[in-house]
Amino acid sequence: MRIKFLYIIFPAIFYGLEFPLDFNGRVFLGKYLNSDTTRFNMDAAAYLRCTMMSHKNLSFYMEYRDELDMAEQKGGVSLDPRYSHYYVIGGFEYKLAKIFSEISFIHDCVHDIDYEVEGTPVFNRISLLFGSTGYHPSNLITTKQKILWALTTRFYPHWKYSGWDINAGADYQYDINPDIIYTFFKSKNFGAFINLSLLICKSDTAFYHQDFIRSDIFYRNYDRRIGIELKYNIYNNDPIKNPGGLWLFSIFVEF
């Protein structure tokens, strides 16, 4: 009765409202090919995104990401994380025929595992993205577009909350990230693409880069795919994680 009452009182709000619960995600495990593995040995990451509500072209989604960095530790240990990076994201997206846009709030923080470290970096930012429809996570695997693109900019507000800077431990101000994917081979079940991503972040005193190029070969089955990836970190001078000049070989699963 209560739901029926709400429909009567707020018909314009509830008309066309859907709860698709559409999930997309990615899991990968990678090995750095550099000889010195004391800091950069292996990477692993997983993310899950869910489109929770939609009304015509407008949707609300939430996303969780977890990235683990593994250094070569004493006794030959490789799969023991030293550093972890967690993301919680909530945002709105608007889809048109050829492009889509997103505005989201991102909370993430970096932790040193098993270490007593003061001042763990915490980041809160507002992100704005524009991209081609094929770039959207729900279309990325099945799209027939050969060239996909996105342009993202993020702002790091230094607001005070109970006397605490919501971007404590970071001097980031804003960043911009053009990203382009070119699929140079695709059949019914197999494909390959190359991806160039350039991220430039403005800090209080400098510009930080996280630029890379990667090539993926994959096998696709419906809206899922598994593959291998070779990534080269072209230039990176970020103070949190800096694998500049290093190669990373990975295996991944996407859905």
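Reader: Hi! How many aromatic pairs does a search of the whole structure find?
Author: Hello! The search finds eight aromatic pairs. Rings of Phe, Tyr and Trp (its six-membered ring) pair if their centres lie within 6.5 Å; planes under 30 degrees apart count as stacked, over 60 as edge-to-face and the rest as tilted. This is a predicted model, where local features need pLDDT of at least 70 and side-chain atom pairs count only at pLDDT 80 or more, while totals for chains, interfaces and linings use all residues. Residues are numbered from 1 along each chain as its sequence is written, and side-chain values use heavy atoms, with hydrogens and water left out.

Reader: Cool, what about Phe60 and Phe92, what kind of aromatic pair do they form?
Author: Phe60 and Phe92 make a tilted pair, 5.2 Å centre to centre with 55° between the planes. This pair links distant parts of the chain, as Phe60 is in strand 4 (residues 58–70) and Phe92 is in strand 5 (residues 83–95), 32 residues apart. Strands (E, at least two residues) are DSSP runs, numbered from the N terminus.

Reader: And which residues form one aromatic cluster?
Author: That cluster is formed by Phe123, Tyr156, Tyr172 and Tyr208.

Reader: New topic: which ring does Arg26 lie over?
Author: Arg26 lies over the face of Phe252, 4.7 Å from the ring centre. Likewise, Arg49 lies over the face of Tyr61, at 3.7 Å from the ring centre. A charge sits over a ring if NZ of Lys or CZ of Arg is within 6 Å of the ring centre and within 35 degrees of the ring normal.

Reader: Thanks! Now for empty space: how many cavities of 30 Å³ or more are there?
Author: There are two cavities of 30 Å³ or more. On a 1 Å grid over the protein atoms alone, a cavity is a set of points where a 1.4 Å probe fits but cannot get out, and lining residues have an atom within 4 Å of a point. A volume is the space filled by probe spheres set on the points, which are joined across faces, edges and corners.

Reader: What volume does the largest cavity have?
Author: The largest cavity has a volume of about 90 Å³. Its lining includes Leu140, Ile141 and Phe193, and strand 11 (residues 172–186) gives the most, with three residues.

Reader: And the second largest cavity, how much space lies in it?
Author: About 60 Å³ lies in the second largest cavity. Among the residues lining this cavity are Arg26, Tyr47, Leu140 and Ile141. Strand 2 (residues 22–32) gives the most to that lining, with three residues.

Note on methods:
1 Å grid on protein atoms, 1.4 Å probe; cavity = no way out; pocket = protein on both sides within 12 Å on 5 of 7 lines; lining within 4 Å. Helix = DSSP H or I, 4+ residues; strand = E, 2+ residues; numbered from the N terminus.
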